[in-house]
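This report walks through one protein chain, from its overall make-up to single residues. Please keep the sequence and the model in view.

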Amino acid sequence: MVCPDCNRGSILPGTPTGSIVKVHGLDAYFAPAPSPSEIDNSSVAVVVLPDAFGLTLVNTKLIADILAKDLACDVWVPDLFNGGEPLLRVDGMEVQLIPDRPGRTSLWDTLRLYLVLIPRMGIIIRNRPSVVDARIKSFIKTIREENGYSKIGGVGYCFGGGVAARLAANPNDLDSVVICHPALISLASAKNAKSPTSWVCAEEDSSFPRDMRLKAEAILVKRKDKDDSVSYEFIDYKGTVHGFANRPNLALEEVKAAFEQSLMQTKAWLRKTLEI
């Protein structure tokens with residue numbers, strides 16, 4: 001379900017500037033569009049779907065602030081876990097001075113992860129994909145109706161990347177999707193995607209391994225050959241592992257550059273497909 005790198009990474013520096021609000025009882029971090037702004041993107045929003053740490057990890061909020069400022073639109077980060085404990089705890093995250101590079105994951109790493117997950121099986125079952133997907137679909141429908149958004153883009157990281165990939169099957173949920181090193185994903189997401197999809201891929205990723213990543217792209221290539229409206233891109237980042245796009249060690253130059261480039265990829269894709 002998850003890989004050892006799902007529980008590793010670094011905490012980004014900074015203090016979020018948005019706020020926690022309630023959306024029909026569900027907590028969400030809200031980073032509003034800058035005001036005043038020369039650009040009126042009030043009809044567009046972005047929903048950021050966090051990793052297995054949920055709203056408890058500051059990183060996703062800081063990324064939401066960056067996207068709100070640079071895209072000049074509202075950005076939301078819903079609580080995937082509906083007020084309960086997230087799949088993984090921030091105080092249990094293996095913060096590394098030098099994170100594992102590709103090729104260094106061991107059997108012991110995997111066993112250690114399962115020792116963390118086994119006591120949390122109840123949380124995992126309560127937040128299985130079908131439940132979380134329905135929760136986020138409802139959230140998106142609510143903010144679309146209440147705020148008059150005509151277009152909503154989605155950006156998902158790890159666990160949230162799997163959610164985003166599945167929601168790409170229906171443009172009524174998300175009009176455009178960026179999928180960053182997803183977890184809990186299958187090739188059905190590539191087969192069923194109807195929204196434009198941009199894939200942020202690590203060099204090594206046990207949750208989205210190289211063979212699956214290549215098969216996913218091959219599926220979309222074949223679909224585009226038959227239907228010109230199919231829109232996608234895949235970008236690989238050398239020297240990275242699962243989690244680099246939202247839990248990077250900024251002290252490692254190659255990882256820092258990949259993190260920054262993945263944000264550029266995300267913003268460019270949303271600007272192009274949401275027309276902002």
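Helices (H or I, at least four residues) and strands (E, at least two) are DSSP runs, numbered from the N terminus. The model is predicted: local features need pLDDT of at least 70, side-chain atom pairs count only at pLDDT 80 or more, and totals for chains, interfaces and linings use all residues. Residue numbers start from 1 along each chain as its sequence is written, and side-chain values use heavy atoms, with hydrogens and water left out.

**Overall make-up**

The chain holds eight helices and ten strands. Of its 276 residues, 53% are buried. Buried means under 20% relative accessible area, exposed over 50%, and partly exposed in between (1.4 Å probe, protein chains only). The exposed area of the chain is about 12,000 Å², and carbon and sulfur atoms supply 56% of it. Accessible areas come from the Shrake-Rupley method with a 1.4 Å probe; for residues, only the protein chains shown count as cover.

A contact means heavy atoms within 4.5 Å. Take the contacts between residues at least 6 apart in sequence: 77% of them join residues at least 24 apart.

**Nonpolar cores**

A nonpolar core is a set of buried Ala, Val, Leu, Ile, Met, Phe, Trp, Tyr and Cys residues joined through side-chain atoms within 4.5 Å. In soluble globular proteins, nonpolar side chains tend to be buried together. Which residues touch the most other members of the largest nonpolar core? They are Trp76 and Phe139, in a core of 46 residues. Strands S3 (26-31), S4 (44-49), S8 (176-180) and S9 each give two or more residues to this core, as do helices H3 (121-126), H4 (129-147), H5 (159-167) and H7. Beyond its neighbours within four places in sequence, Phe139 contacts Val23, Leu26, Ala28, Val47, Trp76 and Pro78. Another core lies apart from the largest one. It has 31 residues, including Val44, Val48, Phe244 and Trp269.

**Cavities**

On a 1 Å grid over the protein atoms alone, a cavity is a set of points where a 1.4 Å probe fits but cannot get out; lining residues have an atom within 4 Å of a point. Grid points are joined across faces, edges and corners, and a volume is the space filled by probe spheres set on the points. The count is three cavities of 30 Å³ or more.

The second largest cavity has a volume of about 60 Å³. Its lining consists of Cys201, Ala202, Glu203, Glu204, Asp205, Phe208, Pro209, Arg210 and Arg213. Strand S9 (197-204) and helix H7 (210-226) are the elements that give two or more residues to this lining. S9 gives the most, with four residues. The lining divides into four nonpolar, no polar and five charged residues. Here Ala, Val, Leu, Ile, Met, Phe, Trp, Tyr, Cys and Pro count as nonpolar, Asp, Glu, Lys and Arg as charged, and the others, Gly among them, as polar.

**Helix H3 and helix H8**

Three residues of these helices pair with partners remote in sequence.

| Residue | Partner | Sequence separation | C-alpha to C-alpha distance |
|---|---|---|---|
| Met121 | Leu87 | 34 residues | 8.8 Å |
| Arg126 | Phe81 | 45 residues | 8.7 Å |
| Leu274 | Val44 | 230 residues | 7.6 Å |

Met121 lies in helix H3. It counts as partly exposed because its relative accessibility is 39%. Arg126 is also in helix H3. At 53%, Arg126 counts as exposed. Leaving aside residues within four places in sequence, Arg126 contacts Val131 and Arg135.

Leu274 belongs to helix H8. Its relative accessibility is 1%, so Leu274 counts as buried. Outside four places in sequence, Leu274 contacts Val44, Ala45, Val46, Lys151, Ile152, Gly153, Asp175 and Ser176.

Ser262 is in helix H8 too. Is Ser262 buried or exposed? It is buried, because its relative accessible area is 2%. Not counting residues up to four places away, Ser262 touches Val200, Tyr237, Phe244 and Ala245.

**Positive phi**

His181 has phi near 30°, a positive value in a residue other than glycine. This residue sits in the loop between S8 and helix H6 (188-192). His181 counts as buried, since its relative accessibility is 0%.

Glu275 has phi near 60°, again positive in a residue other than glycine. Where does Glu275 lie? It is in the segment after helix H8 (253-274). Glu275 is exposed, because its relative accessible area is 63%.

Methods. 1 Å grid on protein atoms, 1.4 Å probe; cavity = no way out; pocket = protein on both sides within 12 Å on 5 of 7 lines; lining within 4 Å.
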